Amino acid sequence: MPLILFANSVLASIGRSVLDLLAAIGRLTLFCASALSHILRPPFYPRELFQQIMRIGWFSLPVVGLTTLFTGGALALQIYAGGARFNAETVVPSIVAIGMVRELGPVLAGLMVAGRVAAAIAAELGTMKVTEQIDALTTLSTNPMKYLVVPRVLAATLTLPLLVLIGDIIGIMGGFLVGTTRLGFNQAVYIQNTVDFLETWDVTSGLLKAAAFGFIVALMGCYHGMNSGRGAQGVGQATTNAVVSASILILAANYLLTEAFFAA
């Protein structure tokens, strides 16, 4: 009898966790659908959109640039060390370029922006909820979804591809600097190999990934901020949840998009 009670307790706990997960997925899906439905419907707030583009895009450029610069250099060293085992050192320029534009550029930029932007959005909106500023917007006949969520989602979706494009260039330049100064590559040959092996679809697929990652980052920040608990603890928890959920969804979406773009 005690064994049956224990089994029932375990199954009940698993059932509650599954139901809570399904409820969270449902709430997030409805929030996403609401945000998408408001993007093309007036009123529009171009000034708020421009401010978010500056905050999300321009102010994230230094951290994305430094991250991709050092990653490109480290990637060149690793590929050279691995290629030397098979006498294939000449593949360094092409692999660095393809690796940066297809995978590392979008994923690293997405994760860095998630850590910076998703946390900031969740903290900002969570604080506005705690101080009842969101309720005040509703009282003033301003839709919080239109005024707070849509500009942030649009700004992140539009600016992250630009950040990734710049990050790709900087990352390839990092590989170029390491390859020509540390590994003995000829500058002209390095650039020629990069241009010869890099295709348009490689760059385009990375930018499409970046747009999806930007949407995920802003959506997670807005969702957790708008649904944060009361008090400082609730805002802190919302910030943590925003970064963690955005990072996990970026990695999951990266696999799904890679499978869709490059599966044989």
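The following questions and answers cover salt bridges and pockets in a predicted model.

User: What are the ground rules for the numbers here?

Analyst: This is a predicted model, in which local features need pLDDT of at least 70 and side-chain atom pairs count only at pLDDT 80 or more, while totals for chains, interfaces and linings use all residues. Residues are numbered from 1 along each chain as its sequence is written, and side-chain values use heavy atoms, with hydrogens and water left out.

User: What makes R102 and D202 a salt bridge?

Analyst: A salt bridge is a side-chain nitrogen of Lys or Arg within 4 Å of a carboxyl oxygen of Asp or Glu. The closest N and O atoms of R102 and D202 are 2.8 Å apart, so the pair meets the definition. R102 lies in helix 4 (residues 92–130) and D202 in helix 8 (residues 200–226), so the salt bridge ties together parts that are 100 residues apart in sequence. Helices are DSSP runs of H or I with at least four residues, numbered from the N terminus. The structure holds 5 salt bridges.

User: Why is D202 called buried or exposed, and what about R102?

Analyst: Buried means under 20% relative accessible area, exposed over 50%, and partly exposed in between, with a 1.4 Å probe and protein chains only. D202 has 2% relative accessibility, so D202 counts as buried. R102 has 28%, so R102 counts as partly exposed.

User: How do you know that E103 and K209 form a salt bridge?

Analyst: Their closest N and O atoms are 2.6 Å apart, and the limit is 4 Å, so the pair qualifies. E103 is in helix 4 and K209 in helix 8, so this pair ties together parts that are 106 residues apart in sequence. K209, with a relative accessible area of 0%, is buried, whereas E103, at 26%, is partly exposed.

User: What makes R152 and E124 a link between distant parts of the chain?

Analyst: The side chains of R152 and E124 meet in a salt bridge of 3.1 Å, N to O. R152 is in helix 6 (residues 144–181) and E124 in helix 4, 28 residues apart. R152 is buried at 1% relative accessibility, and E124 is partly exposed at 30%. Salt bridges that share partners join E48, R55, E124 and R152 into one network.

User: Why is the space of about 240 Å³ called a pocket?

Analyst: On a 1 Å grid over the protein atoms alone, a pocket is an open set of points where a 1.4 Å probe fits, with protein on both sides within 12 Å along at least five of seven lines; lining residues have an atom within 4 Å of a point. The volume is the space filled by probe spheres set on the points, and for the largest pocket this is about 240 Å³. Of its 15 lining residues, the closest to the centre are A24, Y223, H224, N241 and S245. Helix 9 gives the most to this lining, with 5 residues.

User: How do you know which classes line the second largest pocket?

Analyst: Ala, Val, Leu, Ile, Met, Phe, Trp, Tyr, Cys and Pro count as nonpolar, Asp, Glu, Lys and Arg as charged, and the others, Gly among them, as polar. The second largest pocket, of about 150 Å³, is lined by I169, I172, M173, F176, Y190, I191, T194 and V195. By class, its lining has 7 nonpolar, 1 polar and no charged residues. The lining of the largest pocket has 7 nonpolar, 8 polar and no charged.

Key
Helix = DSSP H or I, 4+ residues; strand = E, 2+ residues; numbered from the N terminus.
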